[in-house]
Amino acid sequence: MSKSFFIDTADTQYIKNAWDKLAPHFSASDFVGVTTNPNAIFKANITNISELEIRVKELCELVSEI
């Protein structure tokens, strides 16, 4: 059974905190990536396309670090 998963948020700090808790139970290869939707973007207080472009880059870098 595969343990692969996505985290559904655009909140980078949430992802970091979640990974700190999950890392002892999963390998980094189990963490497939981040998925977001308009509601997740709104909850992360991203209000314009420039902020979105910055956040997407941050999310990509974070996933690559993990």
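The legends below walk through several close-up views of a predicted model.

**View 1. The whole protein is built from three helices and two strands.** Starting at the N terminus, the elements come in the order β-α-β-α-α. Along the principal axes, the C-alpha atoms fill a box of roughly 40 × 20 × 15 Å. The protein has 66 residues, and buried residues make up 27% of them. Its exposed surface comes to about 4700 Å², with carbon and sulfur atoms supplying 55% of that area. Now think about contacts between residues at least 6 apart in sequence: 70% of these join residues at least 24 apart.

**View 2. Helix 1 has a buried face and a face turned away from it.** Which residues of helix 1 are buried? They are T12, I15, A18 and W19. Looking down the helix axis, you would find these buried residues within an arc of 125°, so they line one face of helix 1. Their packing partners are strand 1 (5–7), strand 2 and helix 3. On the face turned away from the buried side, look for the exposed residues D20 and K21.

**View 3. D11 caps the N-terminal end of helix 1.** Zoom in on the side chain of D11 to see how this works: one of its oxygens lies 3.0 Å from the backbone nitrogen of Q13.

**View 4. W19 and F31 form a stacked aromatic pair.** The structure holds three aromatic pairs. In the pair shown here, the ring centres are 5.8 Å apart and the planes meet at 20°. Why does this pair tie together separate parts of the chain? W19 lies in helix 1 and F31 in strand 2, so the pair links parts that are 12 residues apart in sequence. Are these two residues buried or exposed? W19 counts as buried because its relative accessibility, 13%, is under the 20% cut-off. F31 is buried too, with a relative accessible area of 5%. Widen the view a little and you can follow ring pairs that link F5, W19, F26 and F31 into a cluster.

**View 5. Helix 3 covers residues 49–65 and has 17 residues.** From its first C-alpha to its last, helix 3 reaches 24 Å, close to the 24 Å expected at 1.5 Å a residue. Its buried residues are R55, L59 and L62. Seen down the axis, they fall within an arc of 65°, so they line one face of helix 3. What covers them? The cover includes helix 1 (12–22) and strand 2 (31–34). Turned away from the buried side is a face that carries the exposed residues I49, E53, I54, K57 and S64.

**View 6. N48 caps the N-terminal end of helix 3.** Here a side-chain oxygen of N48 lies 3.0 Å from the backbone nitrogen of S50.

**View 7. S27 sits in the loop between helix 1 and strand 2.** S27 is partly exposed, with a relative accessible area of 34%. Its side chain joins that of S29 through a polar contact of 2.9 Å. How far apart are S27 and S50 in space? From C-alpha to C-alpha the distance is 33 Å, while in sequence the two residues are 23 residues apart.

Notes:
Residues are numbered from 1 along each chain as its sequence is written. This is a predicted model: local features need pLDDT of at least 70, side-chain atom pairs count only at pLDDT 80 or more; totals for chains, interfaces and linings use all residues. Side-chain values use heavy atoms; hydrogens and water are left out. Helices (H or I, at least four residues) and strands (E, at least two) are DSSP runs, numbered from the N terminus. The expected span of a helix is 1.5 Å times one less than its number of residues. Buried means under 20% relative accessible area, exposed over 50%, partly exposed in between (1.4 Å probe, protein chains only). The arc is that of the directions from the helix axis to the C-beta atoms. Contact means heavy atoms within 4.5 Å. A polar contact is a pair of N or O atoms within 3.5 Å; within protein, one must be able to donate a hydrogen and the other to accept it, and residues adjacent in sequence count only if both atoms are side-chain atoms. Accessible areas come from the Shrake-Rupley method with a 1.4 Å probe; for residues, only the protein chains shown count as cover. Rings of Phe, Tyr and Trp (its six-membered ring) pair if their centres lie within 6.5 Å; planes under 30 degrees apart count as stacked, over 60 as edge-to-face and the rest as tilted.
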